[in-house]
Amino acid sequence: SNATILEKVKPIYKTLNGFNISKEEWETAKQNKTIPKQIQKYLALIKKETKTKISLVSYGPERDETIIL
């Protein structure tokens with residue numbers, strides 16, 4: 001059963017550097033169509049580990065606080 005399989009699963013933890021990017025820095029990144037280096041590294045890890053494409057990044061709760069990649 002799925003429960004039996006899940007009991008055998010062990011998490012793999014990865015330690016990453018944090019980032020402290022202001023809303024103003026995000027706005028500049030959006031205008032320049034660039035992503036800060038720290039975030040690029042984080043997104044690269046997510047893409048690699050999940051084997052998926054990332055098409056947008058949100059940096060706040062509002063719809064306009066999104067960068068389309």
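Which residues is V57 in contact with, leaving aside its neighbours within four places in sequence? In this predicted model, V57 is in contact with W26, L43, E65, T66, I67 and L69. Several of these partners recur below.

The largest nonpolar core holds 10 residues in all. V57 is one of them, and W26, L43 and I67 belong to the core as well. The other members are I21, A29, I35, I39, I54 and Y59. Two helices, α2 (23–32) and α3 (37–50), each supply at least two residues of this core. In soluble globular proteins, nonpolar side chains tend to be buried together.

Two aromatic pairs were found in a search of the whole structure. In one of them, W26 and Y59 are stacked. Their ring centres lie 5.2 Å apart, and the planes differ by 5 degrees. This pair links distant parts of the chain. W26 sits in helix α2, whereas Y59 sits in the loop between β1 and β2. The two residues are 33 residues apart. W26 counts as buried because its relative accessibility is 10%, under the 20% cut-off. Y59 is also buried, with a relative accessible area of 15%.

The structure holds 2 salt bridges. One joins the side chains of K23 and E65, at 2.2 Å from N to O. It too links distant parts of the chain. K23 belongs to helix α2, and E65 to the loop between β1 (56–58) and β2, 42 residues apart. The exposure of the two partners was computed separately. K23 is partly exposed, at 45% relative accessible area. E65 is buried, at 3%. The other salt bridge joins the side chains of E49 and K14, at 3.5 Å from N to O. Here E49 lies in helix α3, and K14 in the loop between α1 (2–7) and α2. They are 35 residues apart. E49 is partly exposed, with a relative accessible area of 42%. K14 is partly exposed as well, with a relative accessible area of 47%. Side chains of opposite charge can pair when their charged atoms come close.

E65 has further partners. A polar atom of its side chain lies 3.0 Å from the backbone nitrogen of E62. Not counting residues up to four places away in sequence, E65 touches K23, K30, V57, S58, Y59 and G60. Among them are the salt-bridge partner K23 and the core residues V57 and Y59.

T66 lies in strand β2 (residues 66–68). T66 counts as buried because its relative accessibility is 17%, under the 20% cut-off. Its side chain makes a polar contact with the side chain of S58, at 3.3 Å. Leaving aside neighbours within four places in sequence, T66 is in contact with K30, L56, V57, S58 and Y59. K30 is thus listed for T66 and for E65.

Helix α3 was checked for its length. At 1.5 Å a residue, its 14 residues should span 20 Å. The end C-alpha atoms are 20 Å apart, so the computed span agrees with the expected one. K51 follows α3 and has a positive phi, near 55 degrees. Helix α3 also carries E49 of the salt bridge with K14, and supplies at least two residues of the core.

Note on methods
Residues numbered from 1 in each chain as written. Predicted model: local features only at pLDDT ≥ 70, side-chain atom pairs only at ≥ 80, totals over all residues. Heavy atoms only, no water. Helix = DSSP H or I, 4+ residues; strand = E, 2+ residues; numbered from the N terminus. Buried < 20%, exposed > 50% of the residue type's maximum accessible area, 1.4 Å probe, protein only. Polar contact = N/O pair within 3.5 Å; in protein donor to acceptor, adjacent residues only side chain to side chain. Contact = heavy atoms within 4.5 Å. Core = buried A, V, L, I, M, F, W, Y, C linked by side-chain atoms within 4.5 Å. Expected span 1.5 Å × (residues − 1). Salt bridge = Lys/Arg side-chain N within 4 Å of Asp/Glu carboxyl O. Phe/Tyr/Trp six-rings, centres within 6.5 Å; stacked < 30°, edge-to-face > 60°.
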